[in-house]
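Trainee: I would be grateful for a close look at one part of this model, the second largest pocket, together with the charged pairs and cysteines that bear on a reading of the chain.

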Amino acid sequence: MIGKVINSYKIISEIGHGGMGIVYKAFDIKLERYIAIKFLDIKGTNVFEVIQRFKQEAKNQAKLTHPNIVIVYDFIQEDKMLGIAMEYIEGETLEQLIHRKIRLDIHDAIHILTQVLNGIEYAHSKGFVHRDIKPSNIIIGNDGIAKIMDFGISKSIFDDKLNIARKNIGTLQYMSPEQIRGEKSLEASDIYSLGITFYEMLTGQTPFDYHTEDEIVDGQLNQKPISVLGYAPELPVTIDLIFDKLLAKNAADRFLSVKEFRQKLEKFESTLHSDVKGENRLNIFKTKKYKLKAAIYSSIIVLFGLGMMYFIITQVLTQWKSGKNILLLEDKSSKDTIKIAKQNGKLNFVNLKSGVYDDLNSISFINASIGFCCGNNGTVLKTKDSGSTWNKIILPYRFNFTDVCFTKEGFGFMIGDSSIILKSTDNGETWNKVNLSEGSSLIRIKFIDDKNGFILGNKGFLMKTSDGGNQWRSIITKSQNILFDLAFYNKKSGFIVGWNGEVLKTTDLGETWSNQNSIGSNYLKAITFLNAKDGFVIGSSGNLFVTVDSGDEWNKIETTFTDALFDLTFVGKLNCYIVGAKGRVLFSQDGGKNWNSDAVKSYTTLKRIISTSNGNIFAVGVNGSIIKLKLN
């Protein structure tokens, strides 16, 4: 199958086995983009029924257009082969994430689950239930966006013609009691499966993780699951009340809608700043099982507190005498915040109206007034008034645009996920396609001066221009990883950072690149140099690295942040801003020596941040988000 062309899709590699067949990565030759194709395994006795179910899957999911649902592009039927062409997501499934992490932090779990709830709520509003929600059907992209996959047995609430009870042990662990009994499945069934999935995120296993089908069925129908607090005693006891509603055996006793569940979840998260010292948490220790733990924990807390008091007092006195700023660790909210005592308050964010709901991936300004945003599904926005208002530009392309930039000469470039490059020579008034023979997803485009620029992509893809973007040529990197960003610290020397902590270095203006020691094991998303010596790298899990010797050594800045960081920009020589998942914004006012934290109220993932020539700062992200930072 690898290398075969079906319709206009060239099969590249196998991704994995689905419940009803095999999923392949393919390249859409006509539209020049990567896609995923799920081919149906039609072996068996009831072929007609299986084909009907598969066709129904394609029709159902094609009707659903939402940032948290994988997009279906096409239905394939050729000879004895049936397939669905859908959006290709670079990332990992929630199942893989749980397997890797064992169990998730409560904030990470809620962040992922909220995105899933948004997608399911939308599907329900369109009259569809999923009926097979589980971690393997949720994929989390490298950008942190969670999407629901495989509406394989979803059905229209208003269509009773296809009501097939699925019997599958792998799925049985997530099925509602009414599904097991073969009764009609409505929104309440999805809510139950969401509850099982949420339970597994917090504990690392399903509530009825038994060896036989009969035991699982009995658990789903008759048994009460072990409290989540048995696995995560640090959580507030109110978490049990949520699971009592989610996993109620009677569908009428569950949350009435996904919206109600989401609102309850938001309210619950707002209480998480009540730490283990809170009165509600002490209730856990009333049982014999936790009395010994309580005594141990209390002793540790007391000893730790005394030690910290001594440390803080001595440090404050020392810093006070020296006249330096005092670093304070504040824990007054669920956000981990490092503050400088002499700072001028928190950041002032303004949410701008974009008029679109597609994810925005990049933003660039030609001058102080004119700027562009680009994003998924061919979304391009333009402003003529310094970012106050944005209007959509209609282009004859429906690619996912990943980056946009302008040179000092006014030439503009947009790149996409299917080897697409658009060029403008008239300040963005018109855009023309630059043909490439390469079949790669393009990630980032950067010019280091008026003539020399680079395009980075997946599987070590790198192209260079030496004439301002008129001609592009391939550069060999010997890398097979996704390359996310690059930065130069002098006219000839610079670094590229990418997946798996990969770092590449050049000393000849990007003609050749050598592998350096990796920085960590996770992905590195962005890099910048403040001068010839001082540089910063950010990436997954809140990783922040600094160099003071032109990248010979990179040292990790220890923080308590766990959210992915996506982009950073400097304003002048002292002020640096970093954006990431959950609306996280880190900022430094002293050249990166000390860092503070804030977050936008919309809690949305921010992917790119820039500073304009007149000092404005803009960030863009998921669901059409455009944020402006007003400086005091």
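Mentor: What follows takes the pocket first, then the salt bridges, and then the cysteines. Please keep in mind throughout that the model is predicted.

The second largest pocket has a volume of about 1,300 Å³. Its lining comprises 41 residues, and those closest to the centre are C405, F406, K446, F447 and I610. Seen by secondary structure, the elements that contribute two or more residues to this lining are the strands β15 (360-365), β19 (401-406), β23 (442-447), β27 (483-488), β31 (524-529), β35 (565-571) and β39 (606-611). In chemical character the lining divides into 21 nonpolar, 10 polar and 10 charged residues.

K446, named above among the residues closest to the pocket centre, also belongs to a network of salt bridges that links it with D403, R444, D485, D567 and R608.

Across the model, the count of salt bridges comes to 21. One of them joins K147 to E87, with the closest N and O atoms 3.5 Å apart. This pair links distant parts of the chain, since K147 belongs to strand β10 (residues 146-148) and E87 to strand β6 (residues 81-87), 60 residues apart. Both partners, K147 and E87, are buried. Another salt bridge brings together the side chains of D132 and K134, at 3.9 Å from N to O; D132 and K134 are likewise buried.

The pair K224 and D244 has its closest N and O atoms 2.9 Å apart. K224 lies in the loop between α7 (213-222) and α8 (239-246), whereas D244 lies in helix α8, so this salt bridge ties together parts that are 20 residues apart in sequence. Here K224 is exposed, with a relative accessible area of 65%, and D244 is partly exposed, at 40%.

C405 returns us to the pocket, as one of the residues closest to its centre. C405 is buried, with a relative accessible area of 11%. Why does C405 form no disulfide? The cysteine sulfur closest to that of C405 belongs to C374 and is 9.8 Å away, which is too far for a bond; the cut-off for a disulfide is 2.5 Å. A search of the whole structure finds zero disulfides. Another cysteine, C576, is buried as well, at 0% relative accessibility.

Conventions. Residues are numbered from 1 along each chain as its sequence is written. This is a predicted model: local features need pLDDT of at least 70, side-chain atom pairs count only at pLDDT 80 or more; totals for chains, interfaces and linings use all residues. Side-chain values use heavy atoms; hydrogens and water are left out. A salt bridge is a side-chain nitrogen of Lys or Arg within 4 Å of a carboxyl oxygen of Asp or Glu. Helices (H or I, at least four residues) and strands (E, at least two) are DSSP runs, numbered from the N terminus. Buried means under 20% relative accessible area, exposed over 50%, partly exposed in between (1.4 Å probe, protein chains only). On a 1 Å grid over the protein atoms alone, a cavity is a set of points where a 1.4 Å probe fits but cannot get out, and a pocket is an open set with protein on both sides within 12 Å along at least five of seven lines; lining residues have an atom within 4 Å of a point. Grid points are joined across faces, edges and corners, and a volume is the space filled by probe spheres set on the points. Ala, Val, Leu, Ile, Met, Phe, Trp, Tyr, Cys and Pro count as nonpolar, Asp, Glu, Lys and Arg as charged, and the others, Gly among them, as polar.
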